[in-house]
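Please open the structure in the viewer and keep the sequence panel visible. The stops below are meant to be selected one after another.

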Amino acid sequence: MKKTNLFVFDGQTEQLLTVLSNEDNSMSPFWEAPVEEKLNGDFIFEFKAPMNNSLVEGNLVAFKDQDGEFQLFQIYKANKYHIDNQLNVHVWCEHSFYELVDDIVEDLRVVDGAAQEALTKALSNSRWKVGEVADLGLGTVNFYYSSASQNLQDIVKTFGGELRYRVTISGNQITGRFVDLLARRGSDTGNRFEYNQDLVEIKRTVQVDGLKTALYGRGKGEEIEETGGYSRKITFADVVWSTANGDPVDKPAGQEWVGDPAALAKWGRTNGTRHKFGTFDCDTTDPVELLNQTWQELQRVSQPLVTYELKVIDLARITGLDHKKVRIGDTVYVIDRDLEIRIEARVIKITYDLDAPENSELILGNYIEDITDFNKKLLKIEAKITDRQGVWDKANNAISTVDDSEIVNEVPSVPQNVSAVGLFKSIILKWTFDPSIKVSAYEVYGSKVQGFTVDSTNLLFRGKSGGYVHNAETNETWFFRVRALNPAGVASGFTQEFSATTIHVGTVDFEDLSVTNEKVSDLSADKITFGTLDGNKATIVNIDADNITSGMIKSQFIQIGSSTTYEEGYDPTTKATNDDLVAVQNRVSNVEFSVSEDNIISTVRNSISYQNDLLAKANAEDLAGYASTDDLTQGIAEANSYTDGKISNVNAVLGTNLVPTKTVFEQISEVDQKADAIDFKFTHSGGVNLLKNSAGFAGTSFWKVVLDKDSYGVDIGSVDTEQNAELSEKGVGSGFVLNGAKISQDIVYAPQKHTISALVKKGTAGSGYIKVTYVDASGTRTQQVDFNSGTKYDYEKFEIFIEPVGNTITVEVYGTSDSSLTVTGLMANVGNVALQWQPSAGEVYNTNVLMDLNGIRVNSTSYNGYTAITPEEFAGYAEVPDENNNLVMQKVFTLNKDVTEMSKVNVDKEITMTPVKVVPVISTDYTGWAFIAEE
């Protein structure tokens with residue numbers, strides 16, 4: 001499974017702040033990170049992570065997408081939340097190209113220019129640069145006090161193509177922002193998604209709102225010579241269509257609308273007997289052309305908008321199968337045998353999770369919501385302009401004749417004599433070329449689906465030429481439709497659908513015995529792959545290969561010459577020969593003879609070492625003068641009796657000098673008890689622990705903190721302190737939690753014996769240590785207790801005993817980033833015995849009151865805040881909203897000499913400021929405060 005890193009940059013300086021990773025355990029993690037992209041539309045991203053001061057609104061987040069390009073997003077919302085005692089943050093981001101809405105181009109235009117020029121001017125007032133641009137022919141587009149974002153949409157409308165955004169990052173800096181305009185994003189990959197294989201869920205959505213089964217057509221108004229005015233818009237009422245004459249449908253004379261019987265039967269009202277009517281406006285004065293254009297539009301609006309939402313298994317990211325990758329704009333196949341769904345469609349929206357690739361989702365369809373909505377708005381504007389076309393024409397003294405020296409907004413004719421010829425991996429399309437200025441470009445749309453719906457997602461070519469070569473795979477059938485555009489972007493009707501199939505080279509294309517020895521005599525190949533090679537004889541004069549891999553090479557005789565080289569470390573001279581095998585067989589036979597019971601006994605008794613051992617043993621005569629076990633037992637009993645008698649005599653002699661009724665041994669026992677009592681009282685009075693803030697009640701005060709860094713030098717470690725019931729049960733109440741962090745403290749004390757101890761908790765993940773550094777008679781020494789990865793510790797006590805000669809001791813504790821190493825009860829005391837934990841001298845610590853050398857701090861139990869009394873201040877702190885409504889800890893009051901400063905004050909009765917005071921006034925006429933004289 002491919003993992004990734006998130007690079008977080010400051011939103012203003014664009015300096016790298018931190019790196020999150022679900023790959024590198026030394027970095028802070030992230031999870032639940034879905035990325036959602038629409039073709040020519042929205043591009044958003046969200047994720048969750050441990051609380052991090054860098055993850056705030058306005059900062060930038062970058063990562064590498066599925067194709068290795070950096071994508072840059074800006075955080076627009078970050079919500080903090082608590083779960084399982086962990087403070088996390090949920091971050092929402094939008095792609096940084098959204099900033100193009102704020103970049104205005106005042107007045108620039110491109111007349112009969114290329115898309116490269118248009119894109120350059122569209123982005124001229126932004127920090128985005130022109131990237132890869134396809135050859136989309138020539139066009140005219142104006143940018144007049146419009147945003148760069150709107151300019152890009154205008155370019156897509158004029159030239160076609162599809163947008164792609166990307167950034168470049170070098171080191172820890174964002175070095176470039178680029179906009180690409182491609183003829184098409186994605187490709188026809190041939191990928192299949194089948195239910196119960198790599199397709200987990202499928203949902204089909206059909207949108208029929210706005211669907212029409214018949215259209216009224218309206219063209220331009222015609223000039224009335226007698227009055228100089230203009231008639232009402234023309235219609236095609238006088239045009240007759242008949243299917244008998246090859247027309248698409250029957251339309252009688254006098255009918256101002258054209259309907260589609262198939263659409264009526266399927267989508268009409270009252271069981272398919274009543275049409276759903278609409279209107280279509282066209283900039284033409286030719287009724288025949290108007291009818292053709294209206295029919296083409298009816299084919300578009302009579303079809304429902306269909307999308308398929310898929311939840312798929314992203315095999316490319318999970319298994320590394322590159323041929324299974326899916327990208328935005330790809331054409332894929334979907335099969336659900338239960339629902340009888342077999343479709344081919346483009347990916348118009350894709351969602352994939354950076355942390356969980358199994359959560360990928362696709363939306364397939366023949367439309368894109370953002371562009372569709374945009375075009376609807378344009379059509380409404382166009383209709384309003386067309387309604388007044390006669391007025392505009394008269395006002396501008398429109399010329400009735402047209403030549404190549406003038407640009408006239410006239411609907412071009414449908415391209416004629418279209419043809420397609422399939423070749424090997426390509427198809428040649430041709431049509432009659434119109435060189436006049438009335439036609440500025442031709443558009444070719446295509447798909448491998450017969451009867452496909454024409455829209456911007458299947459635009460293959462735009463340019464002014466009489467042909468186009470389309471690249472495809474062998475044995476593929478493609479369907480095409482072509483139309484022409486005039487300089488104003490007005491399009492002709494589409495041609496009828498036509499098709500061609502690329503050539504498939506098979507065995508039938510070769511004449512029998514046409515591949516002769518002469519034709520392959522000099523055959524050369526870097527790689528030949530075959531299942532079985534069969535032949536009577538294969539003579540290989542020279543074989544040269546860097547790598548031949550084989551399960552088994554079988555032959556009666558393989559000759560290896562002196563020039564043969566072997567793998568490093570392999571020496572064939574050390575391998576066994578036939579003579580070696582015979583010798584081994586003889587030795588095995590000898591061993592089988594030697595391991596019989598009689599032979600083993602005989603061998604042992606006759607060995608020299610056995611006989612020497614027997615000579616060293618004592619015989620019975622030598623042992624005659626030694627005591628037996630019974631003799632020793634009796635001697636011990638007699639010695640004990642003798643000793644008891646002597647002790648009684650000593651007690652009798654010394655009795656007058658000791659406390660009555662107590663023996664010598666009883667006196668010693670009493671001294672031991674008194675020492676224990678003294679030690680117990682001293683332990684509970686405080687002052688024995690030489691480590692300050694040894695349990696973290698005061699955060700990391702008195703400790704030096706060093707955090708782990710990533711490869712970019714950004715801090716990724718953390719030190720936290722926590723107080724909970726579990727720590728209270730250990731007799732401390734608080735502790736340090738280390739993740740990729742080291743804390744250390746120096747102790748200055750007189751040279752003598754010391755003991756350092758602590759309670760440690762850690763899961764199986766990660767590692768850590770406690771280390772003590774000091775100087776003894778041999779120089780600087782270090783003693784260390786390691787907490788190993790894979791080993792679990794549940795508040796186990798560890799002790800280190802030292803005897804320094806210097807006066808400085810350094811105590812250091814470290815836990816790796818994935819360890820959550822919890823350390824509590826840190827204790828450094830004089831002596832060689834670890835004492836029970838207690839605070840240092842002058843410290844009083846609990847969850848609400850902290851008192852040490854730094855001062856006194858009292859935490860509030862009703863809100864997140866505290867009161868501090870230190871040598872520097874007497875002040876109160878509380879977590880309150882800032883100007884961005886984020887909760888931050890702020891000083892809310894302080895005593896500054898004889899002045900009290902505060903952010904807010906709530907007075908219940910009165911404020912006295914000699915010689916006046918302020919008192920509340922509540923009456924039927926007034927409610928407020930009044931200034932009155934002080935009594």
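Select first the hairpin of strand 46 and strand 47, which has 2 residues between the strands. In that hairpin Lys897 takes a positive phi near 55°. Strands, like helices, are DSSP runs numbered from the N terminus (E, at least two residues, for strands; H or I, at least four residues, for helices). Strand 46 covers residues 887–896 and strand 47 covers residues 899–902; the two run antiparallel and are joined by 4 bridges. Two strands count as paired if DSSP finds at least two bridges between them. Show Phe893 as well: its bridge partner in strand 47 is Met902.

The model is a predicted one, in which local features need pLDDT of at least 70 and side-chain atom pairs count only at pLDDT 80 or more, while totals for chains, interfaces and linings use all residues. Residues are numbered from 1 along each chain as its sequence is written, and side-chain values use heavy atoms, with hydrogens and water left out.

**The sheet of strands 48, 49 and 50**

Select these 3 strands next; they form an open sheet in the order 48-49-50, with antiparallel pairing. Strand 48 (911–913) and strand 50 (927–933) are the edge strands, each pairing on one side only. From one strand to the next the twist averages 30° (axes are lines fitted to C-alpha atoms, for helices over the stretch in contact, and angles run from 0 to 180 degrees between N-to-C directions). Strand 49 (residues 916–922) is joined to strand 50 by 7 bridges in the antiparallel sense. Within this pairing, Val921 stands opposite Gly928 of strand 50.

Which peptide bond is cis, with omega near 15°? That bond runs from Thr914 to Pro915, and Pro915 is placed in the loop between strand 48 and strand 49.

**Strands 43 and 45, and a surface patch**

Move to Glu879 in strand 45 (residues 874–881). Its C-alpha atom is separated by 6.2 Å from that of Gln890, although the two residues are 11 apart along the chain. Glu879 is partly exposed, at 33% relative accessibility; the terms are buried for under 20% relative accessible area, exposed for over 50%, and partly exposed in between (1.4 Å probe, protein chains only).

Now colour Val844, Met851, Ile856, Val858, Ile869, Phe874 and Leu895, which form a nonpolar patch on the surface with about 510 Å² of accessible area together. Patches are made of residues with over 30% relative accessible area and no salt bridge, like charges being joined within 9 Å and nonpolar side chains (Val, Leu, Ile, Met, Phe, Trp, Tyr) within 5 Å. The areas come from the Shrake-Rupley method with a 1.4 Å probe, and for residues only the protein chains shown count as cover. One of the patch members, Val858, belongs to strand 43 (residues 855–859) and is partly exposed at 39%.

**Salt bridges**

How many salt bridges does the structure hold? There are 23, each defined as a side-chain nitrogen of Lys or Arg within 4 Å of a carboxyl oxygen of Asp or Glu.

Select Arg127 and Glu14, whose closest N and O atoms are 3.0 Å apart. This pair links distant parts of the chain, 113 residues apart: Arg127 is in the loop between helix 1 (115–122) and strand 9 (129–133), and Glu14 is in the loop between strand 1 (5–9) and strand 2 (16–21). Arg127 is partly exposed at 43%, whereas Glu14 is buried at 11%. Add Glu99 and Arg177 to display the network of salt bridges that links them with Glu14 and Arg127.

In helix 1, select Lys121 and Glu117, which lie 4 residues apart, about one turn of the helix. Their closest N and O atoms are 3.3 Å apart.

**Helix 2**

Finish at helix 2 (residues 148–159), which has 12 residues and reaches 16 Å from its first C-alpha to its last, close to the expected 16 Å. The expected span is 1.5 Å times one less than the number of residues. Which residues of helix 2 are buried? They are Ala148, Asn151, Leu152, Asp154, Ile155, Val156 and Phe159. Gly160, with a positive phi near 80°, follows the helix.
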